[in-house]
Every structure is written in C-alpha cells, then in structure tokens.
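Here are some exercises with worked solutions to go through beside the viewer. Try each task yourself before you read on.

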Amino acid sequence: MVESPIREPLVTGKKTYAQVSDDVLKPIVSAPSKEWWIAFLISATVMMIGLGCMTYTLFVGIGTWGLNKTVGWAFDITNFVFWVGIGHAGTLISAILLLFRQGWRQSINRAAEAMTIFAVICAAIFPGLHMGRPWLAFWVLPLPNTHGSLWVNFNSPLLWDVFAISTYFSVSLIFWYTGLIPDLGLVRDKVTNPIQKKIYNTLSFGWTGSARAWHRFEITSLVLAGLATPLVLSVHTIVSFDFATSVIPGWHTTIFPPYFVAGAIFSGFGMVLTLMIITREVLNLKDYITDGHMDAMSKIVIATGSMVGLAYTTEFFIAWYSGSIYERFTFINRAMGPYWWAYWAMFTCNVFSPQIMWFKPIRSNMKWVFIISLFVNVGMWFERYVIIVTSLHRDYLPSSWQMYYPTWTEWGIMIGVFGIFFTLFLLFTRLLPVIAIAEVKSIMKVTSDEAKEKALKSSQTAGELNVNVAHSPDNQKF
Amino acid sequence: MNTKEIYGIYDDDLVLLDAVKSIKKKGINIKEAYTPFPVHGLDNALGIKYSRLPYVAFGFGALGTLTAILMQYYMLVIDWPVNIGGKPHFALPSFIPITFELTVLFASFSIVGAFLASNGLYPGKKAKLIDPRQTSDRFVLVIDTPDIQDDIENIKNLLKNTGAIAIKEQETEEVEHA
C-alpha cells in the first residue's frame, strides 16, 4: 500500500523508527519545562477555585445558584452539553476516521481521545452537582431498593442519558487504553528510573509485540471503532432527546439529534485545534502533527460549522413555517429579546467565523486557526446557553417570565472545570505518549517520499506492491 | 523438551517481510515474529489465521441486547407497572436507547477482555524481550532449532542472507511466547 506521490508525507523530517520513539517519549523521560510548570500551576489553581465552589454548593445547596422556578436549568446543563460535545471530536478521530482509513488520524488520535475522556469527566460533574445530593447519585441506577422496589423510569430521556454517558465514557476509556498498551510497552523499555519502569511495566500488561498479538490488536481496534461510531452518534442524539422530548417551544423539534451531533463534532474539533496547536508547539512535535493535519481539521471545522449554520436557519424557518405562535415567539425572542447578545455571539462565532477558513492563507496561518478555534469554543458554549435559557425564561405563562443571572458560585464552577480539564491534559502530556507511536510508525514509511520513489521503481519488476502511482515523484512539490 | 530457538533480528519492516517470504519458501517454519508496530501483511505472510475475536464481540453484544430488553421488561412490565397516561407498559421504542447502549457496552468490554486473555496480557505481567529494542525499532523472527547441526548453520545463513543484522540462540525456558 503506497500513496500517490502528490500527497504530502504524514510524518516530515525523514525520521527513523528510533527517532520517532525518542521524539514522542521526550516529555516522559525528561524533566518538565518551566512553561509546563507555569501552565500546570495556573490550571491547578483554577481547578482549586472550582472545587471550592463545588464544595460550597454542596454545603449550602442549589439555592446558591441563580436558578429560579422559570429557569430551572441553566449553567449546569449548558456546561454539561458543552463538555460532552467536546468529547465527540476525539471519538470521531479515533473511530470514524479509522473506519474511513484516514492515515492522518494516527498522530492526533491519542491526544484527541484523551481529550474525550477528560471532557466526559468534566461533563459528568454538572448533572452530579445539580442532583443537589450527589451522594444519592446511585438512585439513577436500576438497583433493588427499599421502596419496594420501585424501579427507575426507562421511558425517561434523562435516564437514557445516564446509560449513554456512562457507556460512552467506559467504552472510550477501554478503547483508548487498548491503543495505549503497545506504546506503554515501549515506554517501559525506554525509561531507566526503576520506579518509573515498575509503573510502566504494570501498565503495559507485559506487551511484547508478537505478530499474533498485533493481528488481534488490529482486529480489536477495528471492532471497537465499529462499535464506537454509532455509540458517539447515539450519545449526542440522546443528549438532544433531553430537550426534544419535552414540550417546550424551541426544544420540541425533530432537527435536534443531527443538529446536536454536528454541533458536537464542530465544537470538539475547535477544542482539538486549540489543544493541538499548543501541544505540537510546546512538545516540539511539528514533524508529526504537521500543517497538513491542521489543514484537514480546519476543513472539518468549515464543514461542521456550515452544518450548524444550516441548522440554525432551518430552525428559524420552521418556527415561522410551522404556524405555531409559541414557536415563532421563542425564536424571535432568541434573536431580538433580552438575550439577543447571546444569540448573535453564537451566530457570529459559529457560522461566520469558520467561513474565513475557506481561504488557504488563513487556514495555514496557525495564529488565525488558533483564534478561530477559540471563537468556535465560545460560540458553541453560547449555542447551548441560548437553546436552554432563552427557551425557558419566557414560557407559556407571561406572569412567570424571568431573567436568569448566574451567581459567582456558578461562574466559579464553570471556570474551575476548565481548570480540571487542563490539569488532566497537562498531566497526560507528561505521563503518557501523546502520539500513538506504533500507529504512526506503521504509516510513516508508506507515506514517505523515499517509499514512493522506491515503490515507483520496483513496481515494474516486483509487481507485488499494490502501487497506485500516476505521477512521477517530481510532481510531488506542488 | 530441550529444543532451542534461533532469533533473527532485523532493523527494517520491508526487509523483514521479504525475509519471512523467502524463509517460508524454503519450507522452514517461523514460530513467531516480534515487531514494534503492526507490519502490514506480516500476519498473512506468517500464515496467522484470522482471529475469532469478532465472534466474541457479536455474542456478547447479542447478550447485551437481550439483557437490556429483559431487564426493562421485567422492571416496568412485570414487577412494577406504572400507569403513565394510559400508555402501554411495554413501550418498546423508548427501551431502544438503553438496549443499544448495553449492546455496545457488552460487546466492547467482551472484545477487550478476550483480546487481553488471548494474548495472555494482564497488569503487572513481566515482559520477556528477546531484544531490548523490539518495541522501538527492532524486528525479531523466532525459528525452532532443528536437531541436525548442519540445519542450524543453514538457518543461520538463511537469516543472514535475508538481511538479519544479528542472530541469537537461546533456550526455550528463558523465553515465553504469548
């Protein structure tokens, strides 16, 4: 299997296999840099603020939040949906792009999948806190109980969510860990510190890399990818059911599942871009996470951003076309009511800002891509805020119309969860290989310039390689 | 048994693949190969049979489907039916999401479990390496030592001719194969 020479190599800098191991493992075997410590301390401090606000909420109760009887759901569910959505890009890269045999996924899938796991952890915090008494969280499970046993309600989308999120988290975790085992074997053989060696020996499960093990490894990865693909689509579909199955104007629409999934992938890629631009810079991995990778991800951002834009406008059209006065009012209220600024922040960040990535110079300038990725993150947060708060704050009964104002506790928890996310991600970059080393090695040769040249020469004589080369290697520099 | 093994150590995946093919052509059995990454086509060249792991996933996935449907049916229809606006107790459409999730959950965990079990991998297992660099950039072929001394020399020469950068011999007891 050799690629066409006009394609750019997936790993640049003419690396040997040993160099790949050394480059990726450098953060693990060397001491953290000053920048890492600064970033870690900031993240950990923010995390502590968040943990403080969570503790305060647990002692005082949900009354410390800005919720009222009209707006009973706000920051907590906004952040929950936001973080679950972030996770989706990781699974898209690790599962869906594996099924599509996209070689470029290999060098970003490990970090993206780690991002998924951390994002789902962050997401789970919010419904947990909103329960008010998280120590009774086990009540959502179908366990025999002292009520005789009165079971959980399997007809409730909120319960579907419990199953969807916990399945998504645990399957993502084992998928990620299975992929990590061979690389942990490499870390075990590379580290010299005896304590580190012992830890990585335990974590690597005694991997030796036999051909049979690799054969089973590849089949397991493929089956897990096949399972994770419908799973990831089901998760945000079920999250959207939380809204779509209730009879609130602006929520009760059939467009929600595809609209939420597209938005989730969009926001997730925004976060992947933000993280990868920093990671490849700080850890010196530009030969592996190349400009080509950034380009491919930017294109996904354009595509999903446009889908989200289409969904916004379709929603608006249908609100008018349906003839339902409540639906129509809700949408006019969204765009022109007291929360107009949130609506237009969402629209500008999500629909307009990614469109400038159609221009190649913007897409290949990392400063622009970074700024747009931040816009996408902000915009997608506002999308959930708009959907949730504007639909609730002016409901069927004008006498109970109210505004929602978040309190400092809610702000603290929201910011603190970003601290948790970045703390976990920073630890990940020091403790585990951020690039799937074995997978990158398996594709770097077939996509390298040398292999293409060699294959071109040998294809006439050997005829064993399945070469699909139409152009001479001189053309590759365009 | 006191059979020994011969190890041919290579430093390139394409050289290894050609070596496997020419050794196989001579009718010599290759017991195992160790590579730092999945070498495309090596499983076919070695004649490894396609793994039955997907059947495990399918079987347990089906079990997950069944478990979910039966659980929901028992709890909401048999054990404690709740009248929700006169709607049917056995509301199959709203049982589907959880049924799907449990199917995926069972299938995923079973295939990972079977993957670890079939390779004999478990936390804390001590890896027995033939070459310290076999997880980074060295490729190892394992061949059983024949009884006749001449054949040993033949195999060694064959390994050398196919591009092995080093050749080792060892007792089987010291190395365990998955």
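Domain bounds here come from an automatic or database domain assignment. This is a predicted model, in which local features need pLDDT of at least 70, side-chain atom pairs count only at pLDDT 80 or more, and totals for chains, interfaces and linings use all residues. Residues are numbered from 1 along each chain as its sequence is written, while chains are lettered from A and ligands numbered from 1 in the order in which they are written.

**Exercise 1. Find the domains of chain B and the distance between their centres.**

Start with the assignment: domain 1 of chain B takes in 4-50 + 127-174, and domain 2 covers 53-119. Next, take the centres over C-alpha atoms: those of domain 1 and domain 2 of chain B lie 45 Å apart.

**Exercise 2. Work out whether chain B is spread out or compact.**

First, list the elements. Helices (H or I, at least four residues) and strands (E, at least two) are DSSP runs, numbered from the N terminus. Chain B has five helices and four strands, in the order β-α-β-α-α-α-β-α-β along the sequence.

Second, apply the globule rule, which is 2.2 Å times the number of residues to the power 0.38, with the radius of gyration taken over C-alpha atoms. For 178 residues the rule gives 16 Å, but chain B has 25 Å, well over that value, so chain B is more spread out than a compact globule.

Third, look at the box: along the principal axes, the C-alpha atoms of chain B fill roughly 85 × 30 × 30 Å.

**Exercise 3. Describe how strand 3 of chain B pairs, and say whether it is enclosed or open.**

Begin with the pairing rule: two strands pair if DSSP finds at least two bridges between them. Strand 1 of chain B and strand 3 (residues 139-144) run antiparallel and are joined by six bridges. Within this pair, Gly8(B) faces Leu141(B), and Ile9(B) faces Val140(B).

Then turn to strand 2 of chain B, which is also antiparallel to strand 3, with four bridges. Here Ile30(B) has Ile143(B) as its bridge partner.

Finally, check burial. A residue is buried if 20 or more other C-beta atoms lie within 10 Å of its own, exposed if 12 or fewer, and partly exposed in between, with C-beta atoms placed from the backbone. Five of the six residues of strand 3 of chain B are buried, so this strand is largely enclosed by the rest of the structure. Strand 1 (residues 4-10) of chain B has five buried residues out of seven, so it too is largely enclosed.

**Exercise 4. Analyse the side of chain B that touches chain A.**

Count the residues first. Two residues are in contact if their C-beta atoms, placed from the backbone, lie within 7 Å. The contact takes 58 residues from chain B and 52 residues from chain A.

Next, assign the chain B side to elements: strand 2 (30-34), helix 2 (42-46), helix 3 (53-79) and helix 4 (92-119) each give two or more residues. Helix 4 of chain B gives the most, with 17 residues.

Last, sort this side of chain B by class: there are 36 nonpolar, 13 polar and nine charged residues. In this scheme Ala, Val, Leu, Ile, Met, Phe, Trp, Tyr, Cys and Pro count as nonpolar, Asp, Glu, Lys and Arg as charged, and the others, Gly among them, as polar.

**Exercise 5. Characterise chain A, then place Val235(A) within it.**

Take the whole chain first. Chain A has 16 helices and zero strands. Its radius of gyration is 24 Å, which agrees with the value near 23 Å for a compact globule of 478 residues. Of these 478 residues, 49% count as buried.

Now zoom in. Val235(A) belongs to helix 7 (residues 211-244) of chain A. Val235(A) is buried because 29 other C-beta atoms lie within 10 Å. Leaving aside neighbours within four places in sequence, Val235(A) is in contact with Val84(A), Ala164(A), Ile165(A) and Tyr168(A).

**Exercise 6. Where in chain A is the pLDDT below 50?**

Recall that pLDDT is the predictor's confidence in each residue, from 0 to 100. Chain A has a mean pLDDT of 86, with 92% of its residues at 70 or more. The pLDDT is below 50 over residues 463-478 of chain A, a stretch with 30 contacts in the model beyond near neighbours in sequence. As for the model scores, ipTM is 0.89 and pTM is 0.89.
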